[in-house]
Amino acid sequence: RAHIAPVDGHARGDSLGTQTFQGRGVFTSPSTIEVVEHGKQLGEESNPILHFRKAVIATGGRPFVPDNIPGLKEAPYTTNLSLFNLQQLPKRMVILGAGVVALEMAQAFASFGSEVTVLQRSRLLSKGDEEAAEAIKQTLEDEGVKFLSGVDVNEVTTIKQATSNDDLPLMSVSLSCSEYSEPISLECECLLLALGRTANVESLGLESAGVDFHPSKGILVNDFSQSVSNPDVYAVGDCVSDVPRLTHVSGEMAKVVVQNALFKGQWRLSSLVVPAVMYTDPEYATIGKIHVDENNNVVSPVESNEKVDVYKAELQHNDRAILDSSDKTSFVKISCKKGTGTIVGCTIVSTRAGEMINEVSLAMKHDISLEGVGRNIHSYPTLGEAVMGCGIQFINSGWETMN
């Protein structure tokens, strides 16, 4: 953190000519922002007023905390923001959620020695590949992580608060689940909430700016990352509705905004090919895109009925995987439009899947067919040969048998 933080700090910005105002920014009109400095109130005469031609909202997001579980808000739960401040290893960890953060932390803390239980309402990685989810689940179960499915949390009871930084609290989670006919209670020293994120859009004066937004999903933007209701205001990152909430997506959106807002660009969010990686062992990597409607406004992805051909290469016979003792369930799966080599998706479960997926995202971005990927020579021995293997399968599918 000490090495990374200075790159994004105020001193770095100042050295590049950026003027920094310390305080809370609040829109007071479609073209003005008031900086509410520390200890002051909105509307005080001494607060700086900034007049802008273009503005960017980059307020990010925060972990979602449900408000319908009795006792939860009073409990000393943790999120990914506070988890790494723990001074002691919890003996028992209960994780509410079954997505990326939940599974990454489940495996990590199980490896440290905690007894980890994951509470899932639906299946793991509910929007992801089912085969990948099952492979990851099996790996985590082999490492001692317990899963409860169909969970409804009835109540969280705080038995004991931590008395110091070196102490841990004690909580009891009452729940109903598919595995038990009667409600059960789980005690834990750490209750991790990993239920997704909600956008930071409160108290920004968005109504005064004429910026449309959804209270939890975020600011509504078009394909150029502009507010759909105020074209002089742009937004990037986790505060934006219906975009992948990933660090590298935020960075790419920032590039889009700089080009479009300052240099009259026409760079579209829908042109982005977005790899996403879950850093379990093995890793889980996928590729997606940002979707727009007929009005060029960014919207939630819809279930696709497009027919595809799927090419799958397993890594159990990959020499590098054998040498590295990689997981035997690892695989690469590439989807193409039916009857063509046009790549429309990819799922990888493997050590270094996050490195392997970049080749496929490059091919999708520049319309390189799966045949082109298969014809590209890959170094031996590498895990990337499995990507080539999918390409070879596509090539072989067009072969005719000799009479």
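This report describes a pocket, the side-chain contacts and some unusual backbone features of the structure above, which is a predicted model.

**The second largest pocket**

The second largest pocket holds about 930 Å³ of space. Its lining is made up of 28 residues, and those closest to the centre of the pocket are Ile33, Leu50, Ala55, Val56 and Ile57. At least two residues of this lining come from each of the strands β1 (24-29), β2 (32-36), β3 (49-51) and β4 (55-57), and likewise from the helix α5 (247-262). Of the contributions to the lining, that of α5 is the most, at five residues. In terms of residue character, the lining of the second largest pocket divides into 18 nonpolar, seven polar and three charged residues.

**Salt bridges**

Side chains of opposite charge can pair when their charged atoms come close. In this model the count comes to 18 salt bridges, and three of them are set out in the table.

| Salt bridge | Closest N to O distance |
|---|---|
| Glutamate 202 and arginine 62 | 2.7 Å |
| Arginine 92 and glutamate 189 | 2.5 Å |
| Aspartate 242 and lysine 217 | 3.1 Å |

The salt bridge between glutamate 202 and arginine 62 links distant parts of the chain, with glutamate 202 in the loop between β13 (197-199) and α4 (206-209) and arginine 62 in strand β5 (residues 61-63), 140 residues apart. Glutamate 202 is partly exposed, at a relative accessible area of 41%, and arginine 62 is also partly exposed, at 30%.

The side chains of arginine 92 and glutamate 189 form another of these salt bridges. Arginine 92 belongs to strand β6 (residues 92-96) and glutamate 189 to the loop between β11 (180-188) and β12 (190-193), so this pair ties together parts that are 97 residues apart in sequence. Here arginine 92 is partly exposed, at 22% relative accessibility, whereas glutamate 189 is buried, at 13%.

In the pair of aspartate 242 and lysine 217, aspartate 242 sits in the loop between β16 (233-235) and α5, while lysine 217 sits in the loop between β14 (213-214) and β15 (218-219), 25 residues apart. Lysine 217 is partly exposed, with a relative accessible area of 32%. Elsewhere, salt bridges that share partners join Asp129, Glu131, Lys312, Glu314 and Lys333 into one network.

**Aromatic pairs**

A search of the whole structure finds three aromatic pairs. One of them is formed by phenylalanine 27 and phenylalanine 52, which meet edge-to-face, with 5.9 Å from centre to centre and 80° between the planes. Because phenylalanine 27 lies in strand β1 and phenylalanine 52 in the loop between β3 and β4, the pair ties together parts that are 25 residues apart in sequence. Phenylalanine 27 is buried, at 7% relative accessibility, and phenylalanine 52 is buried as well, at 14%.

Tyrosine 311 and phenylalanine 394 form another edge-to-face pair, with 5.7 Å from centre to centre and 85° between the planes. Tyrosine 311 is in strand β21 (residues 308-314) and phenylalanine 394 in helix α9 (residues 385-397), so the contact ties together parts that are 83 residues apart in sequence. Tyrosine 311 is buried, with a relative accessible area of 10%, and phenylalanine 394 is buried, at 17%.

**Cysteines**

The count of disulfides comes to zero. For cysteine 346, the closest cysteine sulfur is that of cysteine 390, and the distance of 6.9 Å is too far for a bond, since a disulfide requires two cysteine sulfur atoms within 2.5 Å. Cysteine 346 is buried, with a relative accessible area of 4%, and cysteine 239 is buried, at 0%.

**Backbone features**

Most residues other than glycine have a negative phi, and most peptide bonds are trans. A cis peptide bond nevertheless joins aspartate 281 and proline 282, with omega about 10°, and proline 282 lies in the loop between β17 (273-278) and β18 (283-289). Another cis peptide bond joins tyrosine 380 and proline 381, with omega about -5°, and proline 381 lies in the loop between α8 (370-375) and α9.

A positive phi, near 45°, is found at leucine 125, which is placed in the loop between β7 (115-119) and α3 (130-142) and is buried, with a relative accessible area of 8%. Aspartate 367 also has a positive phi, near 55°; aspartate 367 is found in the loop between α7 (353-365) and α8 and is exposed, with a relative accessible area of 70%.

Note on methods:
Residues numbered from 1 in each chain as written. Heavy atoms only, no water. 1 Å grid on protein atoms, 1.4 Å probe; cavity = no way out; pocket = protein on both sides within 12 Å on 5 of 7 lines; lining within 4 Å. Points joined across faces, edges and corners; volume = space filled by probe spheres on them. Helix = DSSP H or I, 4+ residues; strand = E, 2+ residues; numbered from the N terminus. Nonpolar A, V, L, I, M, F, W, Y, C, P; charged D, E, K, R; others polar. Buried < 20%, exposed > 50% of the residue type's maximum accessible area, 1.4 Å probe, protein only. Salt bridge = Lys/Arg side-chain N within 4 Å of Asp/Glu carboxyl O. Phe/Tyr/Trp six-rings, centres within 6.5 Å; stacked < 30°, edge-to-face > 60°.
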